[in-house]
Amino acid sequence: MIPLIGGIVSLVKMGADFLSRNGTTVLALTQNHIANKNLETKKLVDNQALAIQRKGQEITERQITLHENTLSFQKYQTEAQMKRDYLQIVTNCVERAKDRDLQWDITQSNQNFQGIENEKNRALQWVINQSNQEFQERMKEKDWQENRALTEYIQSVQIAINQKNIDFGMWKVAQDRLLALELKEIEGKLAWALREFDRETQLQYFQEKLNSEKEMASFPLYNSARQILSNATDATLRIVYLPVGDDKVNPRFPSDKLQLLVETKLSELANFYSQNGRSVKFLGGAYNNPLFRAESAALSLHSVLKSVPFLILDAVVKDDIFSLSHRFWAMSWDDFRSNPLIPTLSWHETQIAFAQEAVLQWLREREEAENNGEDVTEIDAFYGDDQIKLFQNHLAIMQREKKALETRKSLDRVHRPYDITKHDINDSAEFLAIWHCIYAGLFADEYFLLYAPLEKPLEPILPSLLPNLLQGFSVENQQIMLKTVLAYYEIFYQGLIAENNQVLIPDLRLKVISPLVNNGGIVEIVESEIKKSMTEWLQLRNFNKQNAKLIALTALVEARVTIADQEYIKLLNQCLTGINQPNLNLLNGCFNRGLHHCRTGEYALAIEDFSQTIQLNPKFAQGYYNRGLAYGKTEQYQLAINDYDQVLNLGFNTAETYNNRGNSYYKLGKHQEAINDYNQAINLGFTQAMTNREIAQGVLAEINRKIEKDEKERNAKLFNLDLGNGVILEMIKIDAGSFMMGSNERDDEKQIHQVTFKEPFFMGKYQVTQAQWKAVASLAKVNRDLSPDPSNFKDNSPLEPDEKKQGKTRWDRPVENVSWYEAREFCDRINKHFATQLKGRKIDLPSEAQWEYACKAVTSHQSPVTKYSFGDDYNKLGEYAWYDQNADKKTHPVGLKKPNDFGLYDLHGNVWEWCLDDWHSNYSGAPNDGSAWSIEKDSQYAVLRGGAWCDNYGRCRSAFRYYYFSGRDGRNYNIGCRFVGVGAVRT
């Protein structure tokens, strides 16, 4: 753009010079024409300047985006390295934990991790050193996820250390694998950002070049390169082949044949890769220009297409030497890689080698016929006289060569008149074409494994093509080719190690070799790769075993495999089968390791191992049985019983199983079930179970005696009054004792004073329900009438779903909307109509002291005085009471919340409860024997206790006192009652 503006300015100057030299002619031009030209010039300059400014803004925005992506990636790399460093530190801690206290190691690990964290680059330091406020803001945005992920990762390491049922080495391998894949995904995103920036910049460059026909003519590749760049919207690898030129090439070299074979095979390879999820395009014939070769071709292409992954295969023949080199770059590489692949190969010697191979093949066929007792003349007849003469001539030359090598150590000056046939020439062309294809596949595998901006690295697939590519070659040639391929893959593995992705190598090595395991000529090569894979697999689990025999490595791996290694073991067994070696048994490995952990007392690890055997084979009875034993050792008796059940269900009805299940039942206190199992074991001949049965029978007898005794005592503490039609009034015995009544919270709760009950009394387990009220109200009156259904909350529909599931109805709600006098009439009717059941007891409202004593549930005045029956923490009130925070403006069926220590429900909340006592403004002069104080003598108001569904937590305290402003005759839908069984009342 700038040169263009300079050009316009130059034109203006030239115009001025022209005017000065040709004034007369110029004056002949009209003023309008001059004005129009000036206007066009100014408009052109303005447009160009505006375009430059707009393009500059776009480039600036891209640079900012690229810079942000780069910083994000650098930060992620730093955090990933922190994870790896921390993981290594923790691994060292685990190894030292055998001789040291584990918690001490964890502390040291955290200290070391902090040291590593402090030494990281400035980007991470900037994040760490931010103020808490800035950090919280970042946490709310995108970085919050990343920081939380790092925190969770560190916590997961701590969990992995603390939980003994996790094999840390195996866990570490899994974490390494996840980390490698995660880092690959982030690297891919950054590569895409870089690539898009470069691609758009290059497209802009092409657009400018199009304006200059001269420049386009000087570099004819611009058009095709621009088309490639415009269509390069994915991670496709493009392959270009620069064939051998026809000029000055020996006519015996198969140039045309080689070019045809190479282009055909590269096209087939590209299609195969693309069909397997690896996009490859072969640009056949795109750059068939003898002047466009080697470094010049690569430099030109890379300068305009560096954002597009490219592979250039350049074949050259000079005299008798054939060479193949490559130029390769992935997305947005600053430079390309250039190395010879086949530097100096005598193509003539290659043709001779195929001629010799034909002779050897003829000799092998004759030898095989002789060994089988067949006539060798048929073999010769198959080839014909001319070919046999050729073979014999070549055989004589080969014998001279052998003698020369034995004596002179050289073939120099040896007469070697080989008659190279068309078949030899074609075979040599096929051989060279195969090498082109192999190298193209190797670079494609390298690209998709290490460099392609994908979510995960893609495994090599060239090995799956090798069996077909190597078919027809001699064993020696196959070995040479395969060793070359494997040597190149070793470079891949080193690349993975450099990126801390060595966790991927053992699987990858097997996937590379597995397609070749059935080739009998390369067994040693395959076995070597299998041994390397298993050695690396063991090293990842902190077990180094170098130069071990294959069978020893197999045993070591089998002892350490877990169910997470199923895919690896499947692949390993496939390779072992191919070379006729015994397979690994994953189930046996897990099972034997579990037995070992049981022997060493590591039962949590044993449970994990046996669980894996069961996952592998749900009908593996030995897995269930031994896991049951391990569960028993860790006191997880119900789980042990479940496993023994599985053993029996699978048909393994052994005496030991019954005996062991009996032991678990015994530990759970299920003595009768234990006795039944001991009997089964004895019937099956397991006499040792007799002792176990005798112990269980003795314990069961003692338990039954205790249950009977406890039942009697419990019955003595309960008093149930049958009101008819299934309606029961349950009462609980409150033992005699003393407590400190009152509190210092409010004036009317003072002074705190000791009250002593010399005799026990019974108190209603629940607040009086609507059903109980209706049952008593239907009896003949004593002093006044009673409404059978006075309550405000009558409808079933407001009941909660879980209340309905429990079979509750509105009749289970506490009665409310009853006066103090009506509550006493309720008592009078019970006392009159149920005197026989009462057995001398009298039902009445509780005294204020009885209510508070029963609510606080303390039996000694030395017990601490708390605000509630459960303590001082009002946050727990919702577990015991219905009050304004959870009642939803209504009453609820009684007995759904927790009881206090006396077994009484709803003393806090639901409805207020009437007491016998008159209201007094404090406790001055109050009785200390627990009796009611001045009934209807000094006050028209009676005391209310406990709070209701509409009250806050303060009014639900044990010591809170209240009265209703309407007096004893007043009714309200938050006032109900509860009764006690008492003796004489003080008046």
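**Entry 1. Strand S3**

I began with strand S3, residues 310–318, in this predicted model. Seven of its nine residues are buried, so S3 is largely enclosed by the rest of the structure. I then looked up the strands that pair with S3. Strand S1, residues 237–242, pairs with S3 in the parallel sense, over five bridges. Within this pairing I noted that arginine 238 has phenylalanine 310 of S3 as its bridge partner. Strand S4, residues 321–329, pairs with S3 in the antiparallel sense, over nine bridges. Here I found aspartate 314 opposite serine 325 of S4. S3 and S4 form a hairpin with two residues between the strands, and in this hairpin aspartate 319 takes a positive phi near 60 degrees.

**Entry 2. Histidine 423**

Is histidine 423 buried or exposed? I located histidine 423 in helix H16, which covers residues 422–451. Its relative accessible area is 59%; the cut-off for exposed is over 50%, so histidine 423 counts as exposed. I also checked its distance from glutamine 351. The two residues are 72 residues apart in sequence, and their C-alpha atoms are 9.2 Å apart in space.

**Entry 3. An open sheet**

I next traced an open sheet of four strands, in the order S14-S13-S12-S15, with mixed pairing. Strands S14 (961–963) and S15 (975–976) stand at the edges; each has a single partner strand, so one side of each is left without a neighbour in the sheet. Strand S12, residues 912–918, runs parallel to S15, and two bridges join them. In this pair, tryptophan 912 stands opposite isoleucine 975 of S15. Helix H32, residues 820–833, packs on the sheet and touches S12 and strand S13 (942–945). The direction of H32 makes about 90 degrees with that of S12.

**Entry 4. Nonpolar cores**

Which residues have the most contacts inside the largest nonpolar core? I recorded Phe322, Ile438 and Ile530, in a core of 97 residues. Helix H16 supplies the largest share of this core, 17 residues. I followed isoleucine 530 further: leaving aside residues up to four places away in sequence, isoleucine 530 touches Leu510, Leu550, Leu572, Cys575, Leu576 and Ile579. There is also a second, separate core of 41 residues, and its members include Ala777, Ala887, Trp912 and Tyr964. As background, I noted that nonpolar side chains tend to be buried together in soluble globular proteins. Trp912 thus links two of my entries: it belongs to the second core, and it stands opposite isoleucine 975 in the sheet.

How values were computed:
Residues numbered from 1 in each chain as written. Predicted model: local features only at pLDDT ≥ 70, side-chain atom pairs only at ≥ 80, totals over all residues. Heavy atoms only, no water. Buried < 20%, exposed > 50% of the residue type's maximum accessible area, 1.4 Å probe, protein only. Pairing = 2+ DSSP bridges. Contact = heavy atoms within 4.5 Å. Axes fitted to C-alpha atoms, helices over the stretch in contact; angles between N-to-C directions. Core = buried A, V, L, I, M, F, W, Y, C linked by side-chain atoms within 4.5 Å.
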